[in-house]
Amino acid sequence: MFLTYLRRELRRRGKAALVVASGLALGIALVIVVSSVSTGMKRAQDEVLESLYGLGTDMTVTKAQQPPEEEERSRRPRFRFDAGQGGEEQSNERLAVQGFQTLGADTVGTIAEQDGVAAAVGGLSLNSVTVDGEFTPGEPRGRGGPGEPAGGVEGGGADFRVDTYTLYGTDVRTPGLGPLTSSAITDGRGFQEDETGADVAVVDSAHARSEDIAVGDILDITGTGFEVVGIATADSGQPAAQVYIPLERAQELADAGDAITTVYVRATDSQRIEDVESAVLKEVPGTTVTTSADLAKTVSGSLGTAADLAEGVGRWLSYAVLAAAFLVAGLLTSSAVGRRVREFGTLKALGWRSGRVTRQVMGESLANGLLGGGLGIALGCAVAYAVTVAGPTLTASLGAAPGTATAGPGPARGAGRLLEQEGERALEIALTAPVDLRVIASAVALAVAGGLVAGAFGAWRAARLRPAEALRRVA
Amino acid sequence: MYRLTGVTKRYARGEKSVHALDGVDLTVEDGERLVVQGPTGGGKSTFLQMLGGLDRPTSGSVELDGTDLARLGESKLTRLRAERIGFVFQGFNLIPTLTARENVETALVPLGVKAAARRRRAAEALESVGLGERLGHLPGEMSGGQQQRVAIARALVKQPDVLLADEPTGNLDESMRDEVMEVLEGRWRTHGLTFVLVTHDSAIARRATRVATVRNGRLTTERVDRPEGGAAGRSGGMAGGAARR
């Protein structure tokens, strides 16, 4: 009887039921779309961050930026050319540490010992600057004798070309962590764990294309030939460097001793990242720790704007629509009960308990809610699918992170430093709107809640209805 | 047997108080057929609702076989209505979305009768009022007389002790009225139930064993004499000792 009665009533009040269901459907669809787009935004941000960090890296540790000291000034590359070799082609290549700020190799061990750290490896980021060309000395003009103009130099000049590229010394013993994890080997192979001192290199595909480098070629780095064993392609955005060589060889070539510029850290659990960050700042003073959360704050551009919109306006808008839908559904249900006073009064006169009448009202409302939920899920999934198919492109600009934790003196530049080393990045990411089971479950829960909330209005009225009053009102 | 003692029902209308019933004393014997008459707004429907346990008196007692309905808890009162009292309303009060059979079944739902038995008993009840061919029809597909017969089947399907009818022929034309009254009286005769009927129709009143009149909240009764083979006539006064006013 319950289901028969419920089905017939829903059919009788088809339009009203559809209005209630449509309102709920709209709210639920909005929640699904906003949630799925937010998930898509998060994935896009993760993708952007992975392009910086590489998969599996939870944080990086770098030395806090400090004013350059005299010693550091002396480490800046200097180019010397012989003016006596007029007209001859001359070339000089120098390797300089990115940002001139380094950490000792023991930093890796210290960080690796901290609770919550699963793995830590060091890396050395270098800049290769090659200056080559011709230097022609000038000719002396006159002697400056009496009645003659003062002596000078005539002619001479220089025609130089400057080539730069970025080079990264990577710890080949831990291939799962470090700058190369943001790229995939698309030709040849990656480093082998026993190639710590080998003259082998992996070249980024874009650099290889522009410089016409292929697997098997010999790459000259400050006079040492490195065999190109693989070509790597960044998963998205720009690579960490254009050329990768084993860390020890990079340190030797740059005459950097055992220095490193960056420690890549993987936490045992994502929940422990903050603890690890605190521990590192305490144990290794004078460093900057940059977590993925810090980097996320640096994402701007249309991706950042859209993510902010989805998180802020979108979420609140969907909640507001949902609340309005609940309210309208409740009022309509209550109004429907008002129109059915005689019906419910009669049923109570026949001996139906208030609870049974209430259940009937709630059941109808719940069915309405589920209908709205079904429509909302279908609509929400369709819109999310349309967003994914359309794949609107969002631009992610990565800038300095204002909130990056820094220990020790010096300006808090944090991720900005990392980014500064690699330049301002602008990546284009196609937006997706994935709908997962959790979102669907939430939608069903909302539909049930909507039905119950709406039904509660009417059920409350129906429960309070006294049969004599109900029958008298329509007599 | 009903025994009403000093039943008063007051309604507050603003600052004023309206007496729908004012100190009614009455006894209705088992199997009696009582017709209640009176002017509109005189308290007839309120009186019927007191008997049916749909409303409670402001003061006084309404006893059905010794149980005071005025003091019965809501749950027990609901149960009593479900088991012992059948209602027929002027406006039929059928659920418009349910078929004739399903409407009759609604009276068996609170009794916990299983679905199959419910369907069978509802069909039998409709057969007994001559609607065996209309089981699957919706109220909107039936005439007023047929709808009222469905309502009668709904009231009687649970085999109540008491049948309370509030103007059951008020919305029907003369032929339908006779049709409905024949069904009601036939069932009263065969089942021996107590039958209290509110009506404005004098022709129906003449067919009662006793007529009660409610005017300004006060109730008087008179017994209807029914000579052998002759027309009914009223003896007047306070017949049978049932009337107190």
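A salt bridge is taken here as a side-chain nitrogen of Lys or Arg within 4 Å of a carboxyl oxygen of Asp or Glu. In the predicted model, the side chains of A:Arg466 and B:Asp55 satisfy this criterion, with an N to O distance of 3.1 Å, and the count between chain B and chain A is 2 salt bridges. Local features need pLDDT of at least 70 and side-chain atom pairs count only at pLDDT 80 or more, while totals for chains, interfaces and linings use all residues. Side-chain values use heavy atoms, with hydrogens and water left out, residues are numbered from 1 along each chain as its sequence is written, and chains are lettered from A in the order in which they are written.

At the interface, 26 residues of chain B are in contact (heavy atoms within 4.5 Å) with 22 residues of chain A. The two chains bury about 2300 Å² between them, 59% of it on carbon and sulfur atoms, where buried area is the accessible area (1.4 Å probe) lost on putting two parts together, summed over both.

Aromatic pairs, defined by ring centres of Phe, Tyr and Trp (its six-membered ring) within 6.5 Å and classed as stacked under 30 degrees between planes, edge-to-face over 60 and tilted for the rest, number 3 over all chains. A:Tyr5 and A:Trp352 form an edge-to-face pair, at 6.3 Å centre to centre and 85° between the planes; B:Phe87 and B:Phe89 are stacked, at 5.9 Å and 5°. Both A:Tyr5 and A:Trp352 are buried (under 20% relative accessible area, 1.4 Å probe, protein chains only), and B:Phe87 and B:Phe89 are likewise buried.

Key
Buried means under 20% relative accessible area, exposed over 50%, partly exposed in between (1.4 Å probe, protein chains only).
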